[in-house]
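Colleague: I've got a model open and I'd like to learn how to read its packing. Could you walk me through it?

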Amino acid sequence: MKIGPRLLFGFGVTVALTLLLGGYTLRKQAELQKLTDEVDRRDFASLQSLEEITSGANNMRGQRELALLNAYLHRDHLAAGSPQADETMWRQLRETDLKALSDLAVLAGQFETSAVTVDRSAGWRRMRVSIQDCEDALNALTPAAETEFTAINNGNLQDGGAALVNAESLSTAYAAKLNTAQRVVQDQLDLGRSEVDQSAANTRESVVVVLIVTVLVGFFFAMIIHRSITAPLQDFMQVVERVGRGDLTRTVPLARRDEIGDLGKGLDRMVKGLKAVASQTRLVAESINSATTEILASTQQQAAATAEQAAAVHEANATMAEISQSGAQISERAKQVATAAEATSTASTSGLQSVKATTAIMEAIRQQAEAVAENVIALSEKTQAIGDIITTVNDIAEQSHLLALNASIQAAAAGEHGRSFSVVAREMKNLAVQSKQATVQVRGILGDIQRGITSSVMLTEEAVKRADSGRQQVGLTDDIIRKLTENIEESIRAFQQIVGGSSQQQIGFEQVTHAFRNIGVATQQTASSTRQSEKAAANLSDLAKDLREAVARYQL
């Protein structure tokens, strides 16, 4: 399940439990309110009705007594009220009380069947019985009161007084029954209040229990969601920390189908990409190191060959100096011309062989310089490939930076739950920055390598040109020596022309000496270029070592 639906499910369960708690509380409050309303509406109304009936009973007693008093006053011819009016009022009060008692008995029967509790139903049953007793007492009082009023109306006040005493006894019993009914209603009222208090206490206890259950269930879901998010993030932090130390051997051991799983897959792909880049860079560094080693060896061989060429040119130069001296002495030692000519012919043959050897050496130097140029060009192509790889690494670092920015936004949106996730985002951002800085360093190293390669290419091309120039000079020297040999042989055959031709021979010797000086200068320049190529190859080898050390921190 995704993290979003999981959080939504936990939130939904919490809301559902909260709604259940609210509904349960409202139901309990409704029951409590119903019980309270029943106590207020039924008990107090019944008690008020009994008080009115009791007041009516008192008024009935007063009307009976007033009727007898008015009859005595009429007998004594004193001002008084009408006994008949008192009888009429008594009958109205009696009918009112009877109707009130009847209605109250009916209500008590209804309240008995619709009571909230069994105890209240029993209380209303007792009240209904008590009301019936009151009705019976009132009905028992009625004949005695009517006997009183009949005696008063007939003028028999003595019988009326006796009937009043009997009626007062029955009235007292009626009042006692009303008092009993009032006590029953009061007990019912006290019972209702007690039940209201008990119901309120039970409601509070049940609400507290349901609230505790709701909190425990919410805490349980919170712990499950917390563990399902925090534990994988801790694994991610360990992997990121190892990657930051250069350890690319760890993978993300997580197989989930939520956002944490997607993050793990992205992190795993990033580690694999860095591992591939580091492997490829290491291979390229090894290739550069191998190529620079070959270039250095080739340059050293070229330097040795150039040194040998310089020695050969020095020897040829010394030989030509001796030939020049012998040419200057030809005019003075004409008698020894034949022997000197033979010696000169031998020296010319040796010089010709030396020139041929010099030509072969110059050709080898040119070929070696061309091979060095090809190797340097190939090395330049490899550095361009490394530049492309570094561009790829930089793009990966940019994407990692964007991914870290997106993770920071998601963590900020998640609020408190996203705090741990924001730590992962910062570590990924730091890793992207470190990767970018590493690519900048490697790019700088490659820039130095490319500049060294460019310088080597230019020096190698210059060496090739100078080698061609030296080869041309050696060819010219070869022609001159050949001509010198022919002249010497002609001088031997035509001794008579030696003196005249010695001056021309001396000029030729000077030209050959000048040519050998030029060859020596070119050879020195070639040796200097070779030393520069050797130095550039050494620098390229050092740069390759630096590149190899830069990627050696990653464990594959």
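Modeller: Sure, we'll go through cores, single residues, a surface patch and a ring pair. Keep in mind that this is a predicted model.

Colleague: Let's begin inside. Which residues of the largest nonpolar core touch the most other members?

Modeller: The idea is to look for buried nonpolar residues joined through their side chains. Here the largest such core has 36 residues, and those touching the most other members are Leu50, Leu101, Met127, Ile131, Leu138, Tyr174 and Leu178. Four helices, α1 (3-75), α2 (83-113), α3 (118-153) and α4 (157-244), each put in at least two residues. The largest share, 11 residues, is from α3.

Colleague: Take Leu50, then. What is Leu50 in contact with, leaving aside its neighbours within four places in sequence?

Modeller: Leu50 is in contact with Leu104, Met127, Ile131, Ala181, Gln182 and Val185. Another core lies apart from the largest one; this other core has 12 residues, including Ala291, Leu379, Val457 and Leu543.

Colleague: Now a polar name. Is Thr142 buried or exposed?

Modeller: Go by relative accessible area: under 20% is buried. Thr142 comes out at 6%, so it is buried. Thr142 sits in helix α3, and, not counting residues up to four places away in sequence, it touches Trp90 and Arg94.

Colleague: And on the outside, which residues form a nonpolar patch on the surface?

Modeller: That would be Val208, Ile212 and Leu216, with about 280 Å² of accessible area together. Leu216 belongs to helix α4. The cut-off for exposed is over 50%, so Leu216, at 54% relative accessibility, counts as exposed.

Colleague: Last one: aromatic pairs. How many does the structure hold?

Modeller: There are 2 aromatic pairs in the structure. In one of them, Trp90 and Phe149, the ring centres are 5.5 Å apart and the planes are at 50°.

Colleague: Why is that pair of Trp90 and Phe149 called tilted?

Modeller: Plane angles under 30 degrees count as stacked and those over 60 as edge-to-face, with the rest tilted. The planes of Trp90 and Phe149 are at 50°, so their pair is tilted. Because Trp90 lies in helix α2 and Phe149 in helix α3, the pair ties together parts that are 59 residues apart in sequence.

Colleague: Are those two rings' residues, Trp90 and Phe149, buried or exposed?

Modeller: Trp90 is buried, at a relative accessible area of 0%, and Phe149 is buried as well, at 1%. Trp90 is also one of the residues that Thr142 touches.

Technical notes. Residues are numbered from 1 along each chain as its sequence is written. This is a predicted model: local features need pLDDT of at least 70, side-chain atom pairs count only at pLDDT 80 or more; totals for chains, interfaces and linings use all residues. Side-chain values use heavy atoms; hydrogens and water are left out. A nonpolar core is a set of buried Ala, Val, Leu, Ile, Met, Phe, Trp, Tyr and Cys residues joined through side-chain atoms within 4.5 Å. Buried means under 20% relative accessible area, exposed over 50%, partly exposed in between (1.4 Å probe, protein chains only). Contact means heavy atoms within 4.5 Å. Patches are made of residues with over 30% relative accessible area and no salt bridge: like charges are joined within 9 Å, nonpolar side chains (Val, Leu, Ile, Met, Phe, Trp, Tyr) within 5 Å. Accessible areas come from the Shrake-Rupley method with a 1.4 Å probe; for residues, only the protein chains shown count as cover. A salt bridge is a side-chain nitrogen of Lys or Arg within 4 Å of a carboxyl oxygen of Asp or Glu. Rings of Phe, Tyr and Trp (its six-membered ring) pair if their centres lie within 6.5 Å; planes under 30 degrees apart count as stacked, over 60 as edge-to-face and the rest as tilted.
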